[in-house]
Amino acid sequence: MNQEKKQFEDGLIFDSKVKEKISDHVSFFLKSLGNHVDKPGTKGTPNRVAKMYDELLSGYATDINKLLNNALFEVKYDEMVVVKDIDFFSLCEHHMLPFHGTVSVGYLPKDKVIGLSKIPRLVDMFSKRLQVQERMTQEIAHAIDGLISPKGVGVVVEGKHLCASMRGVKKPNVMMSTSALLGVFKKNHSSREEFLNHIK
Ligand SMILES: [Zn+2]
């Protein structure tokens, strides 16, 4: 057993006991690689990995109400709001390899808007989980729809998937694009065009 494990504190997702277990499993994994592994170099790796996943998956612990912290405002504004090119990093649930890229969000308010800085936080909440890009796109759109009931919401995600570039088809430059369109963004051609022009 590794002495350093006593250092674990309860994290956002994993308590200290779970982190110890994850660390044990990573030790087992490294040992399974046999003598190829540089032992001085990987001495602290199991503990680092256990701590790291608590951070990378912290989106499961986000409370959406705390996240918003009263940043929903009643405003007489009926033009489109667009926040584009929000960087995200996620882990695909199939391989636990990263996929990353940008999220662009637009909505047409009815009588409420969301504080600008809260939209990237919402993206973090859904991206820092084990995900598939299609579901993440839908979840962000539906969260905004549920929070402020706008006339329409659009979310476009462009992602590069390391599981498609490092392994499998090994195509490093493939970009996957997904979208979720709700309300007038789905029904109304001109709203959809306006949104898509904004995020070009
Ligand atoms: Zn994958």
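**Exercise 1. Describe how helix H4 packs against helix H5.**

Helix H4 (residues 118-127) and helix H5 (residues 133-148) pack at an angle of about 135°, and their axes are 10 Å apart. Axes here are lines fitted to C-alpha atoms, for helices over the stretch in contact, with angles running from 0 to 180 degrees between N-to-C directions, while helices (H or I, at least four residues) and strands (E, at least two) are DSSP runs numbered from the N terminus. The model is predicted, so local features need pLDDT of at least 70, side-chain atom pairs count only at pLDDT 80 or more, and totals for chains, interfaces and linings use all residues. Residues are numbered from 1 along each chain as its sequence is written.

Next, classify the angle: H4 and H5 are therefore oblique to each other, since angles under 35 degrees count as roughly parallel, over 145 as roughly antiparallel, 65 to 115 as roughly perpendicular and the rest as oblique.

Finally, list the residues that meet, taking contact as C-beta atoms, placed from the backbone, within 7 Å: Leu 122, Val 123, Phe 126 and Ser 127 in H4 meet Met 136, Glu 139, Ile 140 and Ala 143 in H5.

**Exercise 2. Find the strands that pair with strand E2, and the sense of each pairing.**

Strands pair if DSSP finds at least two bridges between them. Strand E2 (residues 81-92) pairs with strand E3 (residues 98-108) in the antiparallel sense, over nine bridges, and the bridge partner of Val 81 in E3 is Tyr 107. With strand E5 (residues 130-131), E2 pairs in the parallel sense over two bridges, where Cys 92 stands opposite Gln 131 in E5.

How values were computed
Contact = placed C-beta atoms within 7 Å.
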